[in-house]
There are 2 protein chains.
Amino acid sequence: MFAVFEQYLQSKAPFTSAEIEQIKAASVVRTLRKRQYLLQAGDVWQSNAFVASGCLRTYSVDEKGTEHTIRFAIENWWASDEESLHSGQPSRYNIEAIEDTTVVVLKNDEFERVRREVPAFDKVINTLVHRSFMASQSRVHSAISFSAEEKYREFLQQYPGLAQRIPQHMVASYLGLTAETLSRIRRRL
Amino acid sequence: MFAVFEQYLQSKAPFTSAEIEQIKAASVVRTLRKRQYLLQAGDVWQSNAFVASGCLRTYSVDEKGTEHTIRFAIENWWASDEESLHSGQPSRYNIEAIEDTTVVVLKNDEFERVRREVPAFDKVINTLVHRSFMASQSRVHSAISFSAEEKYREFLQQYPGLAQRIPQHMVASYLGLTAETLSRIRRRL
DNA sequence: CGATTCTTTGAAAACAGTCAATCTGTGTGG
DNA sequence: CCACACAGATTGACTGTTTTCAAAGAATCG
């Protein structure tokens with residue numbers, strides 16, 4: 001499964017086999033069964049996880065027990081809690097497998113060491129962060145500008161196929177809607 | 001006014017005076033009067049702008065004429081439209097001065113050149129992008145999780161003083177509310 | 001199958017948006 | 001210096017959207 005990660009890296013920038021070996025040495029491959037947690041709220045998150053297969057969901061649970069989905073991560077995406085990673089504080093998020101999932105995990109100190117020692121890796125990550133920022137800004141724009149129905153339509157066209165893979169109530173919580181509202185929107189389409 | 005930018009840079013990482021000179025040579029200082037545009041929707045944005053004094057607002061206008069504020073930028077913040085910058089497509093946003101404002105503008109090709117030639121600058125920008133991403137994710141969380149009142153409360157405590165500086169209807173549009181709704185929320189506090 | 005998870009539906013309530021009018025303060029030009 | 005225009009904030013009455021709560025139907029999985 002590390003091969004998926006290698007392929008991802010090579011598709012973004014050229015890496016020598018020595019560099020790949022170094023990255024491999026810093027990595028741990030981990031499998032998660034559906035509904036298993038990679039991170040539970042309250043724990044400190046100190047890694048970065050690349051999804052080689054399957055799907056993860058990052059979400060918080062408020063006082064009323066309502067879930068709010070911050071992001072999904074399918075193959076070739078990353079999962080992390082930057083907030084906890086950066087602050088060292090316990091996380092307010094859970095990261096849970098929606099499907100059986102394989103991840104390549106790099107503990108943060110290893111991750112940072114690889115960034116320092118492998119410039120191409122650093123570059124890939126910087127680009128990733130930049131694109132993530134743009135995507136997040138765009139999502140903010142949708143969240144404050146669109147009606148429930150528009151948000152759902154945009155989600156469908158921005159992430160084609162994803163809605164088929166993820167339970168509807170999780171899509172609803174990603175869009176800031178209740179499961180019932182999303183169900184009613186879908187009826188009208 | 002370039003001095004404000006220099007001070008900002010020095011506070012983030014050490015720069016030699018030669019490096020500062022190089023950055024200065026790549027910069028253009030520009031002043032904007034209140035209500036003047038730095039970018040108008042439809043134009044292509046090809047720069048990065050550091051706010052030395054004053055306040056900018058980035059917003060879109062939808063078909064109904066409603067404004068949606070993506071972000072504010074006061075002293076020591078940056079304003080940009082990464083989307084247009086990255087894609088080369090016309091921007092969907094306006095960037096407008098809320099107060100008389102002074103910005104230090106770097107055209108993107110100069111900006112990228114400085115990043116390549118001045119490692120400390122590159123580092124500052126990478127860190128900035130990373131923090132911006134975290135902040136944006138946090139805003140997504142508020143947008144999808146909180147009620148109108150909770151969003152406003154969080155805004156007040158996250159950006160103390162900012163609400164006093166910015167017209168209420170713009171704060172409302174930042175939070176995804178109408179001016180009337182925000183007014184009624186404030187009455188209840 | 002039987003249990004669990006997920007989706008749908010209905011009715012009522014809460015919430016936020018719309019439209020129109022008024023009020024306030026500020027600044028500009030005569 | 002006043003008058004007027006303008007941007008911004010507030011209010012009220014109404015409409016519309018979304019949530020809530022409760023229940024019933026699918027679908028999935030061991």
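Me: How many residues does the contact take from each of chains A and B?

Reply: It takes 24 from chain B and 24 from chain A. Two residues are in contact if their C-beta atoms, placed from the backbone, lie within 7 Å. This is a predicted model, in which local features need pLDDT of at least 70 and side-chain atom pairs count only at pLDDT 80 or more, while totals for chains, interfaces and linings use all residues. Residues are numbered from 1 along each chain as its sequence is written, while chains are lettered from A and ligands numbered from 1 in the order in which they are written.

Me: Which elements of chain B each supply at least two residues of the side that touches chain A?

Reply: Strand E5 (67-74), helix H3 (82-87) and helix H5 (119-145) of chain B do. H5(B) gives the most, with 15 residues. The elements are DSSP runs numbered from the N terminus: helices are H or I, at least four residues, and strands are E, at least two.

Me: What is the make-up by class of the side of chain B that touches chain A?

Reply: It has 8 nonpolar, 12 polar and 4 charged residues. Nonpolar covers Ala, Val, Leu, Ile, Met, Phe, Trp, Tyr, Cys and Pro; charged covers Asp, Glu, Lys and Arg; the others, Gly among them, are polar.

Me: How do you know what kind of axis relates the two copies?

Reply: Superpose them. Chain B lies on chain A with an RMSD of 0.0 Å after a turn of 180° and a shift of 0.0 Å along the axis. The two copies are thus related as by a two-fold rotation axis. The fit is by least squares on C-alpha atoms of residues with pLDDT of at least 70 in both. Do the contacts agree? The same surface serves both copies, as 100% of the contact residues of chain B recur in chain A.

Me: Which residue of chain B comes closest to the rotation axis?

Reply: Phe133(B), with its C-alpha at 2.3 Å.

Me: What makes a residue count as near DNA strand D?

Reply: Its C-beta atom, placed from the backbone, must lie within 6 Å of the strand. For DNA strand D, 15 residues surround it, and the closest are Ala148(A), Glu180(A), Thr181(A), Gln168(B) and Ser183(B). Helix H9 (179-187) of chain A gives two or more residues to this surface, together with helix H8 (168-175) and helix H9 (179-187) of chain B. The most comes from H9(B), with 6 residues. By class, the surface has 4 nonpolar, 6 polar and 5 charged residues.

Me: And which residues come nearest to DNA strand C?

Reply: Of the 15 residues around it, Gln168(A), His169(A), Ser183(A), Ala148(B) and Thr181(B) come nearest. H8 (168-175) and H9 of chain A, with H9 of chain B, give two or more residues. H9(A) has the largest share, 6 residues. This surface divides into 4 nonpolar, 6 polar and 5 charged.

Me: Why are H6(B) and H9(B) called roughly perpendicular?

Reply: Take the angle. The axes of H6(B) (residues 148-158) and H9(B) come within 10 Å and cross at roughly 75°. Angles of 65 to 115 degrees count as roughly perpendicular, under 35 as roughly parallel, over 145 as roughly antiparallel and the rest as oblique. The pair is therefore roughly perpendicular. Axes are lines fitted to C-alpha atoms, for helices over the stretch in contact, and angles run from 0 to 180 degrees between N-to-C directions. Ala148(B), Glu149(B) and Tyr152(B) of H6(B) make the contact with Thr181(B), Leu182(B) and Ile185(B) of H9(B). These residues are 4 nonpolar, 1 polar and 1 charged.

Me: What about H8(B) and H9(B): which angle do they pack at?

Reply: About 105°, with axes 8 Å apart. That makes H8(B) roughly perpendicular to H9(B). Gln168(B), His169(B), Val171(B) and Ala172(B) of H8(B) meet Ala179(B), Thr181(B), Leu182(B) and Ser183(B) of H9(B). By class, this contact has 4 nonpolar, 4 polar and no charged residues.

Me: How many bridges join E3(A) to E8(A), and what makes strands a pair?

Reply: At least two DSSP bridges between strands make a pair. E3(A) (residues 47-53) and E8(A) (residues 101-107) run antiparallel and are joined by 6. Ala49(A) stands opposite Val105(A) in E8(A). The open sheet has 4 strands in the order E1-E8-E3-E6 (chain A), paired antiparallel.

Me: What makes a strand of this sheet an edge strand?

Reply: An edge strand pairs on one side only, as strand E1 (27-32) and strand E6 (78-79) of chain A do.
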